[in-house]
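Student: I have a model open and would like to work through its helices and sheets. Could you take me through it step by step?

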Amino acid sequence: GTVQKEMTQLSHVKEVQEFEVVERFAAMVNQIESGRVITKLRQLSENDQDFSALLSGAPLQIQLTELVDRSYTFDMTTDEYNAGAWSEAIQEQYGAQPRRVDIKMRDRALVDLIDRKIEKSYVKPAAGKLWLVVFTTTNYLTEYVEGGAPRVSDALRLARARLREASTGPFDEMWFTNMQTRPVRIWPA
């Protein structure tokens, strides 16, 4: 076989970037969902939900939000870096000092973001469904394989536990995508 390097870059213009993200998300959902197809994506004004679409012919509105690593990473001094008193770090640029990962904050970042979106009290559409789609451009695990066995990250486990116990607000479904691997449905699990 052959290996081909594929690198994609999102636009730096927020509105264009968001549309690129939701287009990729829809394409990947269409590949993995049997019997459900997202079509006719359209970006809405800032006062409405972010996007409208059709889900197998029925109205769908999508609220898109980004999970950024700044919510759980922190700068390190050279002394902290050299002491190695950190268990995980992210290097954002070649040659740059890595940023320390606070593992507890990382594992709570997804549920905290979902909670903030629910607290905004979005209006559920009169017709159709409302989805929350969380995306990231960083390496953030939700589902993975370890030792040949499928695993669920603590972050996804915490989010699902919270959603089982409390309101999901106006959202019918919640999804996570890193735009590289298949999207993960957070809720319903």
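Student: Which residue caps the N-terminal end of α3?

Tutor: Before we start, this is a predicted model, where local features need pLDDT of at least 70, side-chain atom pairs count only at pLDDT 80 or more, and totals for chains, interfaces and linings use all residues. Residues are numbered from 1 along each chain as its sequence is written, and side-chain values use heavy atoms, with hydrogens and water left out. Helices (H or I, at least four residues) and strands (E, at least two) are DSSP runs, numbered from the N terminus. At this helix end, a side-chain oxygen lies 3.2 Å from the backbone nitrogen of Lys104, and the residue that provides this oxygen is Asp102.

Student: What does α3 reach from its first C-alpha to its last?

Tutor: Helix α3 covers residues 103–119, which is 17 residues. The expected span is 1.5 Å times one less than the number of residues. For α3 that expectation is 24 Å, and the helix comes close to it, reaching 24 Å.

Student: Where is the kink in α3 centred?

Tutor: The bend at a residue is the angle between axes fitted to the seven residues ending there and the seven starting there. In α3 the kink is about 40°, and its centre is Ala109.

Student: Is Ala109 buried or exposed?

Tutor: Buried means under 20% relative accessible area, exposed over 50%, and partly exposed in between (1.4 Å probe, protein chains only). The α3 residues in the first class include Leu110, Leu113 and Ile114. Ala109 is listed with them, as buried.

Student: In what order do the strands of the 6-strand open sheet come?

Tutor: Two strands pair if DSSP finds at least two bridges between them. The pairing in this sheet is mixed, and the order is β1-β2-β3-β7-β10-β11.

Student: Which are its edge strands?

Tutor: Look for strands that pair on one side only. These are β1 (38–43) and β11.

Student: How many bridges join β7 to β10?

Tutor: These two strands run parallel. One bridge pairs Phe135 with Thr177 in β10. The number joining β7 to β10 is 5.

Student: In the open sheet of 3 strands, why is one side of β4 and of β5 left without a neighbour?

Tutor: That sheet has the order β4-β6-β5, with antiparallel pairing. β4 (73–75) and β5 (89–90) stand at the edges, so one side of each has no neighbour in the sheet; the reason is that each has a single partner strand.

Note on methods:
Polar contact = N/O pair within 3.5 Å; in protein donor to acceptor, adjacent residues only side chain to side chain.
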